[in-house]
Amino acid sequence: MKSGIISFKRVNTITGWILLFVSGLVYLLTIEPTVSFWDCGEFILSAWKLQVGHPPGAPFFLILARVFSLFSFGDPSKVAMMVNILSALASAFTIMFLYWTITHLVRNIVSGGNLLEGAKIIPVIGAGVIGALGYTFSDTFWFSAVEGEVYATSSLFTAVVFWAILKWENERDNKLAGRWLVLIAYLMGLSVGVHLLNLLAIPAIVLVFYFRNYKSSPKGILKALLFSAGILFLLVFIILPYAVKAAGWFELFFVNKIGLPYNTGLYIYIITLGSAIVWGISYSMRKKKIILNYALTLFTVIIIGYSSIAMVMIRANARPPMNQNDPSDVFSMIYYVNREQYGSTPLLKGIYYSAPLVDEKKRTGGYIKEDGKYTPYKRNKYIFDDRFITIFPRMYSSDDRHIREYEYWGEIKGKKINIPTSQGNKEFVCPTFSENLRFFFRYQVGYMYFRYFMWNFAGRQNDIQGNGNVIHGNWISGFDGFDSIRLGDQETLPSDLKNNPARNSYFFLPLLFGLAGIIWQYLRDKNSLWVVLTLFIMTGLAIVVYLNQYPLQPRERDYAYSGSFYAFAIWIGMGFYLLYDVVKKVISPGLSVVLTLALSFVAVPLLFAVQNWDDHDRSGRYTARDIGANYLNSCDEGAILFTYGDNDSFPVWYAQDVEGIRTDVRVANLSYLAASWYIDMLRQKAYDSNPLPFTLEHDKYRPGQRDQLPIVKQIDRPVKILDLVKFAGMDDQRARIDFTGRGDYLNYIPAGQFIIPVDSARVVSNGTVKESQLNRLLPEIIWKFKGKELRKNDLAIMDMIATNKWNRPIYYATTVPPSNYKGLEEFFQLEGLAYRIVPLDSSGGNLSDIGYIDTDKMYDNIMNRFKWGNASDPEVYMDEINRRMFGNFRRMFGMLANALYMEGDKVRAIEVLERSEEVIPGDKIPFDYYSLGIINAYLLCGETDKAMEIINCVVKGSKEYLDYIVMLDIPRRYDLDIVIALNMEALKGVYSFTMNYNLTELTEPVRQDLEKYYDELYRNQAF
């Protein structure tokens, strides 16, 4: 009997460590060797120098990542890889704990918790191996395992706490078993410093506790679930937020009421809270109040774990270059921790998107330091018509793009309500509650959860982000007949979709194993089924409810539900055991376990590995880092570079902060410029970049001030921009206007055209204008502002431009949406991946869409200075973001080649075209609409054969897409308008080439194709 204990423990433990090694090796072989896109750059740079990233922060993750970054041993180019290794190792440990979780549950079901000996051990081990290895190679988990983000580490915390409650279950009768509960509480406190997702394991943990201590009953299970919901609510909505908010109450009292120095209230609060905890625990021990002692101990270790959040405030006071929200005092910390910059999402009660505004009030938005006190600032509170308020609101965003999606997914007909307005009665459409639920089930559950679930266990169509159409981002099975019923004929798909590396087919096999595992667990142990099912729901559907996502998300969100897929992997392991139970009835137990293991291994882990490897292997890819550096290297010395989104900001900041690339350039994100803390951050010196120039002082940009500045055209002529900035900064009532008619006075701009004076000597001497461009030099820029009002970020840009006086070059990244140019595009000069503002007349310029190209500078950048991250390597996987970016880069190559030819430089034009083919080969990024400039340049240079090669590729690709779409019935053409337009424009461009360059053999076929597609798609109103 004793040897049985040793045997199972030893085999189980060794197998767990072997799986750790195998999965760790897989992830280390496939990690991205440098920074990835999205938030990874921000997390890595924040960890490297312990800076303050976006709310609500991930301080414990940053501490861990900082430790791992030290293993770069002073080589900054290896820092990102070390943080990626943290994710890889955290994921490998997650697999190990998943394996031990499966073997624990299966062993308890099979043997009732008794000892296993001999051959009986193997099926239990097999169940754990199949489930754990299946999850190892699953789509979502593998994606997070190879990049420097928080989700891999968060998954590890979930795995460990769930495993720990099972260890407690084993040792329940031991007097020291309570240590596992204390460990779980501490780990949960720590996990908040990584991500809140870990807390969703609490209901499953409570159920384990309930089943171990009480006799199971439906009523008891319901009570346990309600109790766990109460604990979760207490933690998420009371303890964690109010642990910080309470410090604000103390601070406000001791500073504002008593007049003590800043932070006095905070220190008193910390001392008071610590003393109360010590007294409470001491009291519970003296009075032998065991439950109170447990409660206080658990609360204490949660707070100790959560205390990593203090690092955010400590580092904010050090004023690092990245200091988002500047949470350097308790009130900005409250704002930071509660994610108030993102606004609030309604959960249980809220408005529909069409709700009319009936009133607007002011509320206290927070406090700022002023003259030794905390001064409140106001924010708007909007009051909407009560008839548009609903419980469980799912359709709440008033963005026009979101409304169109609500109408599609919810099939909105609504009820019409007449509302009196100043212009008379106006009819509003209010969705019905059933339509609200339809959107919830069709979009939020069906598209934004079930689709991701099926990605992982049935198959994935491709890596292109989906927004509801039939060709991008759906789940598939691999059975073409079945998939064709849902998504259209799979045999005639465009070749680039059919050959997409992320087109992964699992033939429902992992899904069937998981469903089999549910059946097996239901038949054998309903209590443990409740535990796993609760974990599955809480980390899946519960997150769907809580997130309440609006349509058209910036990226796919499958990573948010990895905990749910983790739970399903437990059932996959149990599915193995059901198959084993069936097979052993037919053949001998010894042979049956071998056969079942072989079949299961091929059907799940091996199938996953074979299908998923090519699109999860990021080894050798340096594109994000190099693109970030290319943005910086597009700029002259000491430049100001305006960016906009995550993928043109975070890799750029990473390149500067970690690898020290072009630290003389100051990067300013336009999305952040509306925040006073960010403007203050730009006023600081950062590395080799001097503070950005502003005329208006800090108090002019304070929260609640100058958030909105209407343009009231009191002056018909252009006005000097600096005069307008100073006018906007005036606090005099005469410089304000009651724009709403409710006594809400706002600063305003009295003219719609701004004069930017030009110091001709300065712009020539500092290289802004070359001597060869003097004939186009303007004495002043007349900026015709596009829009009816300015926001705070617009005022900040005006201030910088006015105060800069051409001393520092100012650039806009080419990825900034044109709506943010606000009329400045007339004075743009393309020099690489950025447009420079120049005082030149660009009429008759050499750029096809906006501004002018500095061909010498752009040629030097593209040919000599830029790096391309191994994009041309056939072994390097290029996902959708990379393909999209490099498609745009190909367009820029074409623009430069055309501009060079127009200047009479055919030799360099051809060199640029050849470089384009070298950097962006057609077999990696198919030629499409964005290749038209390349074709035109080849034709101009007399390289007709080369142009024809690309033309044939463009025509073939466009026809494949359009032919496929024509075959779809009208409803299935939803959300394909952009795909149709791009491919039609590509064919139109080719048709123009055939006419302009006498390519007669193509003229008639392309014309006929255009007529056919126009008849099929436009005249039949396809979209």
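This report walks through a pocket, a helix and a small sheet in the structure above. The model is a predicted one.

**The second largest pocket**

Let's begin with a space in the protein. The second largest pocket has a volume of about 1,200 Å³. It is lined by 32 residues, and those closest to its centre are Leu-181, Phe-209, Phe-227, Ile-231 and Leu-298. By class, 26 of the lining residues are nonpolar, while three are polar and three are charged. The helices in the table each supply at least two residues of this lining.

| Helix | Residues |
|---|---|
| Helix 7 | 151-170 |
| Helix 8 | 178-192 |
| Helix 9 | 202-213 |
| Helix 10 | 218-257 |
| Helix 12 | 290-306 |

Helix 12 gives the largest share, with seven residues.

**Helix 27 and its surroundings**

Further along the chain, helix 27 covers residues 721-728, and its buried residues are Ile-721, Leu-724, Val-725, Phe-727 and Ala-728. Seen down the helix axis, these buried residues fall within an arc of 160°, so they line one face of helix 27. What covers them includes helix 29 (792-804) along with several strands, among them strand 12 (719-720), strand 15 (753-757) and strand 16 (780-784).

**A three-stranded sheet**

Those strands also belong together: in the order 12-15-16, they form an open sheet with mixed pairing. Strand 12 and strand 16 are the edge strands, each pairing on one side only. How do strand 15 and strand 16 pair? They run in the antiparallel sense, over five bridges. For Ile-755, the bridge partner in strand 16 is Ile-782.

Notes: Residues numbered from 1 in each chain as written. Predicted model: local features only at pLDDT ≥ 70, side-chain atom pairs only at ≥ 80, totals over all residues. Heavy atoms only, no water. 1 Å grid on protein atoms, 1.4 Å probe; cavity = no way out; pocket = protein on both sides within 12 Å on 5 of 7 lines; lining within 4 Å. Points joined across faces, edges and corners; volume = space filled by probe spheres on them. Helix = DSSP H or I, 4+ residues; strand = E, 2+ residues; numbered from the N terminus. Nonpolar A, V, L, I, M, F, W, Y, C, P; charged D, E, K, R; others polar. Buried < 20%, exposed > 50% of the residue type's maximum accessible area, 1.4 Å probe, protein only. Arc of directions from axis to C-beta. Contact = heavy atoms within 4.5 Å. Pairing = 2+ DSSP bridges.
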